[in-house]
Amino acid sequence: MKYIISATNRPGANSLIVAGILQSIYKKLNYPTEIISLKEVPFQILLKNPYSEQLPADINKLISKLNNSSAFTIVCPEYNGSFPGIFKFFIDHWSYPETFEYRPIAFVGLGGRFGGLRAVEQMQQIMGYRNAFIYPQRVFLQNVSELLCDGTIKDQEIRDLLGQQAEGFLKFISALEEKKLSALFYNNRI
């Protein structure tokens with residue numbers, strides 16, 4: 001299973017809308033995906049005892065999904081020149097090395113003038129540091145609120161870029177699995 005992570009818990013977030021659009025693109029490519037929305041993560045449980053060795057069952061379930069995934073795409077808004085702090089808090093609870101190492105990861109950034117460029121570049125640093133396989137074709141949605149209309153992206157060029165990224169990412173995942181370089185191979189999942 002491949003997961004699409006909406007990297008914010010902000011109500012009404014455009015990230016979740018874009019994650020849904022990506023999911024429909026993957027569905028057309030006959031590739032199953034599931035969205036993990038940080039809006040649904042029970043962070044209040046973590047706040048009571050952050051960074052404890054005994055994570056709550058709900059959080060463990062999400063991390064287990066990521067650990068057993070073939071890959072994931074992170075859809076991330078740019079907040080104040082970076083990615084949302086809640087996403088950093090979430091990844092600080094991921095398993096190391098299982099969640100990160102040799103995991104294929106793609107990025108879609110969204111924001112204002114720069115389309116989430118700074119947020120994505122900072123996430124790439126973290127994922128690269130943790131030995132993830134970063135898919136090089138990133139997509140940036142500039143002035144995202146102007147691009148979206150009734151749950152769709154108005155700009156055909158952006159829709160095409162998302163489709164191209166999805167197709168290329170699937171080839172990237174397949175090539176890594178064929179050469180036994182994926183996280184699933186290293187974690188004895190396949």
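**Close-up views of a predicted model**

**View A. Asn80 lies in the loop between strand S3 (71–77) and H4.** Everything shown here and below comes from a predicted model. Look at the backbone of Asn80: phi is near 50 degrees, a positive value in a residue other than glycine. Is Asn80 buried or exposed? Asn80 counts as exposed because its relative accessibility is 83%, and the bar for that label is over 50%.

**View B. Asn143 also has a positive phi, near 45 degrees, without being a glycine.** Its loop runs between strand S6 (139–141) and helix H6 (144–147). With a relative accessible area of 35%, Asn143 is partly exposed; that label covers the range between the 20% and 50% cut-offs. Which residues does Asn143 touch, once its neighbours within four places in sequence are set aside? They are Gly111, Gly112 and Arg113. Gly116 is worth picking out as well: it sits 27 residues from Asn143 along the chain, and the two C-alpha atoms are separated by 9.5 Å.

**View C. Strand S1 (residues 2–6) pairs with strand S2 (residues 33–37) in the parallel sense, over 5 bridges.** Two places to check the register are Tyr3, which stands opposite Glu34 in S2, and Ile5, which stands opposite Ile36 in S2. Between the two strands comes helix H1 (residues 14–28), and S1, H1 and S2 together make a right-handed β-α-β unit.

**View D. S1 is joined to S3 too, by 5 bridges, and these strands run parallel.** For the register on this side, find Lys2, which stands opposite Ala71 in S3. How many residues of S1 are buried? The count is 5 of the 5, so S1 is largely enclosed by the rest of the structure. Both faces of the strand are covered: Lys2, Ile4 and Ser6 are buried on one side, with Tyr3 and Ile5 buried on the other. Note that Lys2 is on that buried list despite being a lysine.

**View E. Phe83 and Phe87 belong to an aromatic cluster.** Its full membership is Phe43, Phe72, Phe83, Phe87, Phe89, Phe90, Trp94, Tyr96 and Phe100. Across the whole model, the count comes to 13 aromatic pairs. One of them is Phe83 with Phe87, an edge-to-face pair at 6.0 Å centre to centre, with 80 degrees between the planes. Both rings belong to buried residues: Phe83 counts as buried because its relative accessibility is 10%, and Phe87 because its value is 0%. Trp94 and Phe100 give a tilted pair, with 5.2 Å between centres and planes 45 degrees apart. Trp94 and Phe100 are buried as well.

**View F. Tyr96 is joined to Pro97 by a cis peptide bond.** Omega for that bond is about 10 degrees. Where is Pro97? Pro97 is in the loop between helix H4 (85–91) and strand S4 (104–110). The Tyr96 ring has company in this view: the charged end of Arg130 sits over it, 4.1 Å from its centre. Tyr96 is also listed in the aromatic cluster of View E.

**View G. Arg10 lies over the face of Tyr79.** The distance here is 4.1 Å from the ring centre. This gives another arginine over a tyrosine ring to set beside Arg130 and Tyr96.

**View H. Cys76 and Cys149 sit in contrasting surroundings.** Cys76 counts as buried because its relative accessibility is 0%. Cys149 has a relative accessible area of 33%, so it is partly exposed. How many disulfides turn up in a search of the whole structure? The search finds 0.

Definitions and conventions. Residues are numbered from 1 along each chain as its sequence is written. This is a predicted model: local features need pLDDT of at least 70, side-chain atom pairs count only at pLDDT 80 or more; totals for chains, interfaces and linings use all residues. Side-chain values use heavy atoms; hydrogens and water are left out. A disulfide is a pair of cysteine sulfur atoms within 2.5 Å. Buried means under 20% relative accessible area, exposed over 50%, partly exposed in between (1.4 Å probe, protein chains only). Rings of Phe, Tyr and Trp (its six-membered ring) pair if their centres lie within 6.5 Å; planes under 30 degrees apart count as stacked, over 60 as edge-to-face and the rest as tilted. A charge sits over a ring if NZ of Lys or CZ of Arg is within 6 Å of the ring centre and within 35 degrees of the ring normal. Helices (H or I, at least four residues) and strands (E, at least two) are DSSP runs, numbered from the N terminus. Two strands pair if DSSP finds at least two bridges between them. A crossover is right-handed if, with the strands pointing away from the viewer, the path from the first strand over the helix to the second runs clockwise. Contact means heavy atoms within 4.5 Å.
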